[in-house]
Amino acid sequence: SVVQGNLTYIHLPSIKFNGSVGPVPAALASDESKEEHFLIPGLHYISPEFGNARFGLSVVVPAGLSKRWNGFAKTFAEEFTLKTVEINPTVGFKLTDTLSIGGGIRGVYTSGVVKSIGQAPATAAFRDMEGTSFDFGYNLALHFKPTDNFDLALTYRSKVELTVEGDAELGIMGTDAFDYDGGASIDVPIPAAFSLAIAADMDDATTFEFVLERTFWDAWESLDFDYDDPIHPALVGDFDDPAPRNWANSTAYRLGVTHQWDNDLTLMAGFAIDEAPNPKANTGFELPESDGKIYSFGAMYQVSPKLSVGGAVLYTQRKRLRIDAADANINGINGRFDDAGALLVTLGLDYKL
């Protein structure tokens, strides 16, 4: 049996916006998001074989993070934070010497925070919501190894609909005539994903890998908050009308190479092209995503026959996102988002029990 643990530091740089926002005549505007820093743990256990079966357990963070803006963009996303933890027990079966199948249950705990202020001029409308949920999905896998030097794997992770419920405070500062303090909810999908992966050994030391990953973002049709009781009509436009998303399915193409430098040291490198799912017409300040390129490298060192330690660095470079008047953005955005990306640094260990 094997226990694997890791800790990942994530840095999201400040995204810069320059352009205009609002109906004609639009006001010139510029803003930048806050830098974000996160520590994300992960834990995996793989059992010894029981006949032709193995059991596993993973505790991971499948989705989330946060986006906060400093200036005028608070009217759209003063804070959008989503924290998730997934517990994923699995079982795998070896059907033949070349074919194995597996599956598991995804249990996802979610904690979310949404803060924003009204978009209408000369108002001080505000929304402050917190909520939690525990939701379920599943995952399936197939592994085919026709030769000693070639592997093929298919994996499918189902959609998990995050049914976040909690409390919300809404109103207009300076008066309590519009106040709402009660239950609220929102559904946000972790989309389903399908992966086709192959690995080919070039020699005894070097393996090349390719992954085609399709993420079914069309599950996110709108951002729609529900309240246990009716809110004041003056707040409906800002805080209750559904915001269309209509995201498109996206594809990521991943290449990797693993090289056994010597008996103890293994070197790894990767490159990926990652498509953005959000149409320009429905892009908002909470997720101004764009196509990206991903670069990564790492190393693993075998300290003893039972213990290996490793580290990796991943850098994501996102394209400039330009939204023009012809895109007819529903938020009235006309401008560009610059400097989006991410830096991840991971340390981990692998221990054979």
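**Exercises on a predicted chain**

The largest nonpolar core has 37 residues, and those with the most contacts inside it are Trp69, Leu170, Tyr227, Phe285 and Phe337. The model is predicted.

**Exercise 1.** Find which strand gives the largest share of this core, and state which residues a second core includes.

*Solution.* Step 1: strand β11, residues 160-172, supplies the largest share of the core, with six residues. Step 2: a second core is separate and has five residues, including Ile10, Leu12, Ile40 and Ala342. Step 3: as background, nonpolar side chains in soluble globular proteins tend to be buried together.

**Exercise 2.** List the residues that tyrosine 227 touches, leaving out those up to four places away in sequence.

*Solution.* Step 1: Tyr227 is among the residues with the most contacts inside the largest nonpolar core. Step 2: tyrosine 227 touches Arg127, Ala168, Leu170, Tyr180, Gly183, Ala184, Phe239 and Asp240. Step 3: one of these, Leu170, is also listed among the residues with the most contacts inside the core.

**Exercise 3.** Work out how strands β7, β8 and β9 are joined, and in which direction they run.

*Solution.* Step 1: β7 covers residues 79-94 and β8 covers residues 99-117; they run antiparallel and are joined by 14 bridges. Step 2: the connection from β7 to β8 is a hairpin of four residues. Step 3: as one pair in this ladder, glutamate 86 has valine 108 in β8 as its bridge partner. Step 4: β8 also runs antiparallel to β9, residues 125-147, with 19 bridges between them. Step 5: in this second pairing, leucine 99 stands opposite phenylalanine 144 in β9.

**Exercise 4.** Is leucine 349 buried, partly exposed or exposed, and what is it in contact with?

*Solution.* Step 1: leucine 349 lies in strand β24, residues 341-352. Step 2: its relative accessible area is 41%. Step 3: buried needs under 20% and exposed needs over 50%, so leucine 349 is partly exposed. Step 4: apart from neighbours within four places in sequence, leucine 349 is in contact with Val3, Gln4, Gly5, Leu307, Ser308 and Val309. Step 5: asparagine 52 is 297 residues from leucine 349 in sequence, and their C-alpha atoms are 27 Å apart.

**Exercise 5.** Describe the protein chain as a whole: what does it contain, and what does it expose?

*Solution.* Step 1: the chain has two helices and 24 strands. Step 2: 35% of its 353 residues count as buried. Step 3: the chain exposes about 18400 Å², of which carbon and sulfur atoms supply 59%. Step 4: there are 26 positive and 48 negative side chains, and the centres of the two sets lie 6 Å apart.

Notes
Residues numbered from 1 in each chain as written. Predicted model: local features only at pLDDT ≥ 70, side-chain atom pairs only at ≥ 80, totals over all residues. Heavy atoms only, no water. Core = buried A, V, L, I, M, F, W, Y, C linked by side-chain atoms within 4.5 Å. Buried < 20%, exposed > 50% of the residue type's maximum accessible area, 1.4 Å probe, protein only. Contact = heavy atoms within 4.5 Å. Areas by Shrake-Rupley, 256 points an atom, 1.4 Å probe, with all protein chains shown as cover. Lys, Arg positive; Asp, Glu negative; His and termini not counted. Charge placed at Lys NZ, Arg CZ, Asp CG, Glu CD. Pairing = 2+ DSSP bridges.
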